[in-house]
Amino acid sequence: MKLKLGFSPCPNDTFIFDAMIHHKIDTEGLEFEVFYDDVETLNQKSFSQDLDITKLSFHAYAYCVSNYVLLDSGSALGYGVGPLVISKLPYDGSGNIGKNTTVAIPGKFTTASFLFGLAFPQVKNKIEMVFSAIEDAVLNDEVDLGLIIHENRFTYQQKGLHKVIDLGAFWEEKTGCPIPLGGIVIKRSLNADIKNRVNRVIRRSVEYAFENPQSGIDFIRSHAQAMDDEVMYKHIELYVNKYSVDLGQEGRNAIELMFAKAVGAGVIPHVKEHLFLS
């Protein structure tokens, strides 16, 4: 059976999925047609149900939960992995961010945007951009602040930009939980056997990647968009961890807490469906 699979070209995703899409492991008879897109494009595809399996932001999951269910493997959660707010000039922290501040965000439905809304509910002037364009938008004075994710967390200082706040630290201080960034979901309409097979195959793929970290390096590098190797390895180390193998109860608790806070803040609608595969 062939399934449509979407994930980003970022090193954490290509690291996770390399073994399964290149049949380095037992895929239990499954084949995958792969689509590579940035996270906000994947979010939008989940709303239109374009893909059978897809990476998405946990924020976006709230808007497609009736059609997709979260798998146990492949997610990005952790400590010290959150999005950053950056500025062109040093920020001394003496004043609040004003409601008229313009902020570049990597998509309305990203978890980064959700966290920014929790931290700065007064700021409404948000401009959506592809995540890789945000640093330059700040440098060129197109916006006052930028909300950065992925590898930009490792490159902004090289461009002379400055951290205003680490929204991951903001979340951790408030909750004590790892920050849920993105997960892998599968269509609820697929039968239980297929869903469980996919769940096992993704876990097997992550485990293979950890056991054979050099196996997929050419594939990962080919999608890393001129990223130097040091940043590429840092990216993988930061975003792929034990929660990527299996959410476990700690990971599930963090996701449930994020949804509860988002509902309480009016950021997402109330979710009736069960979030997890089993």
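How many salt bridges does the rule find in this structure? The count comes to 17, where a salt bridge is a side-chain nitrogen of Lys or Arg within 4 Å of a carboxyl oxygen of Asp or Glu.

## About the model

Welcome to a predicted model, in which local features need pLDDT of at least 70 and side-chain atom pairs count only at pLDDT 80 or more, while totals for chains, interfaces and linings use all residues. Residues are numbered from 1 along each chain as its sequence is written, and side-chain values use heavy atoms, with hydrogens and water left out.

## Two domains

The chain divides into domain 1 (2–78 + 180–265) and domain 2 (84–175), with bounds that come from an automatic or database domain assignment. Their C-alpha centres are 24 Å apart. To the contact (heavy atoms within 4.5 Å), domain 1 gives 26 residues and domain 2 gives 20 residues.

## Where the domains meet

About 2,000 Å² is buried between domain 1 and domain 2, with 73% of that area from carbon and sulfur atoms. Buried area here is the accessible area (1.4 Å probe) that two parts lose on being put together, summed over both. On the side of domain 1, Glu40, His59 and Met258 lose the most area to domain 2, together 25% of what that side buries.

Across this interface the rule finds 0 salt bridges. There are, however, 8 residue pairs in polar contact between the two domains, both residues at pLDDT 80 or more. A polar contact is a pair of N or O atoms within 3.5 Å; within protein, one must be able to donate a hydrogen and the other to accept it, and residues adjacent in sequence count only if both atoms are side-chain atoms.

## A salt bridge and a ring pair

One salt bridge joins the side chains of Asp166 and Arg153, at 3.5 Å from N to O. Asp166 sits in strand β10 (residues 162–166) and Arg153 in helix α6 (residues 152–155), so this pair ties together parts 13 residues apart in sequence. Helices (H or I, at least four residues) and strands (E, at least two) are DSSP runs, numbered from the N terminus.

The structure also holds 9 aromatic pairs. Rings of Phe, Tyr and Trp (its six-membered ring) pair if their centres lie within 6.5 Å; planes under 30 degrees apart count as stacked, over 60 as edge-to-face and the rest as tilted. The ring centres of Phe15 and Phe210 are 5.8 Å apart and their planes are at 70°, so the pair is edge-to-face.
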